Amino acid sequence: MDNCIFCKIANGIIPSATVYEDDDFRAILDIAPAHKGHIIVLPKSHTDNLYSLDDEVAAKALPLVKRLAKALKAATGCDGINILQNNEPAAGQTVFHLHIHIVPRYEGDGILPVWPQGSYADGEAAALAAEIASKLD
Ligand code: AMP
Ligand code: ZN
């Protein structure tokens, strides 16, 4: 996609601090890291978000994220790692080329909010689970 900055970075047109590259992905250091070492994994083929991600690329993504997470932990000595992937502005997406965040975490760093713990009325969870299941394609 011509005007997509992550297409240009993923395909090497714009330079980046590259951690890993193969035919399908480039993993780079985020330019504004939550902590130093924060990685984002970019597919080389443009897709706006998860909804339209090619299944073959999707199948390769998690094994790569796992490898990168282990390397990040070994390199930084971080205490934990979050994997985040934002879809649409309501979920915090700001660059509309799918990317997966690998964020090193440290005990007590408090950099990410913990969501409130909601609850379901009797039967509500089962009904909603069935409703979601009915939408699977
Ligand atoms: P999101 O909010 O999930 O869309 O995340 C976008 C991420 O891309 C942010 O963490 C930005 O810091 C990062 N980012 C934006 N532009 C660049 C760039 N040129 N190089 C590296 N990371 C970038
Ligand atoms: Zn793109």
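The two exercises below concern ligand 1 and His97 in a predicted model.

**Exercise 1.** Describe the surroundings of ligand 1, beginning with the residues that come nearest and ending with the elements that contribute to the shell.

*Solution.* Start with the neighbours: there are 16 residues around ligand 1, and of these Asp30, Gly92, Thr94, His99 and His101 come nearest. Sorted by class, the shell holds nine nonpolar, six polar and one charged residues.

Next, take the contacts made by oxygen atoms of the ligand. A polar backbone atom of Gly92 lies 2.8 Å from an oxygen atom of ligand 1, a polar side-chain atom of Asn86 lies 2.9 Å from an oxygen atom of ligand 1, and for Val95 a backbone N or O atom is found 3.0 Å from an oxygen atom of the ligand. On its own, ligand 1 has 510 Å² of accessible area, of which the protein covers 80%.

Finally, turn to the site as a whole: ligand 1 takes up the space of the largest pocket. Helix 1 (5-10) and strand 2 (25-29) are the elements that give two or more residues to the shell, and helix 1, with three residues, provides the largest share.

**Exercise 2.** Decide whether His97 is buried or exposed, and identify the polar contacts of its side chain.

*Solution.* First locate the residue: His97 belongs to the loop between strand 4 (80-84) and strand 5 (100-105). Its relative accessible area is 0%, and because buried means under 20%, His97 is classed as buried.

Then follow the side chain, which reaches the backbone nitrogen of Cys7 at 3.5 Å and is joined to the side chain of His46 by a polar contact of 3.3 Å.

Note on methods:
Residues numbered from 1 in each chain as written. Chains lettered and ligands numbered in written order. Predicted model: local features only at pLDDT ≥ 70, side-chain atom pairs only at ≥ 80, totals over all residues. Heavy atoms only, no water. Near = heavy atom within 4 Å. Polar contact = N/O pair within 3.5 Å; in protein donor to acceptor, adjacent residues only side chain to side chain. Areas by Shrake-Rupley, 256 points an atom, 1.4 Å probe, with all protein chains shown as cover. 1 Å grid on protein atoms, 1.4 Å probe; cavity = no way out; pocket = protein on both sides within 12 Å on 5 of 7 lines; lining within 4 Å. Sits in = over half its atoms within 2 Å of the grid points. Helix = DSSP H or I, 4+ residues; strand = E, 2+ residues; numbered from the N terminus. Nonpolar A, V, L, I, M, F, W, Y, C, P; charged D, E, K, R; others polar. Buried < 20%, exposed > 50% of the residue type's maximum accessible area, 1.4 Å probe, protein only.
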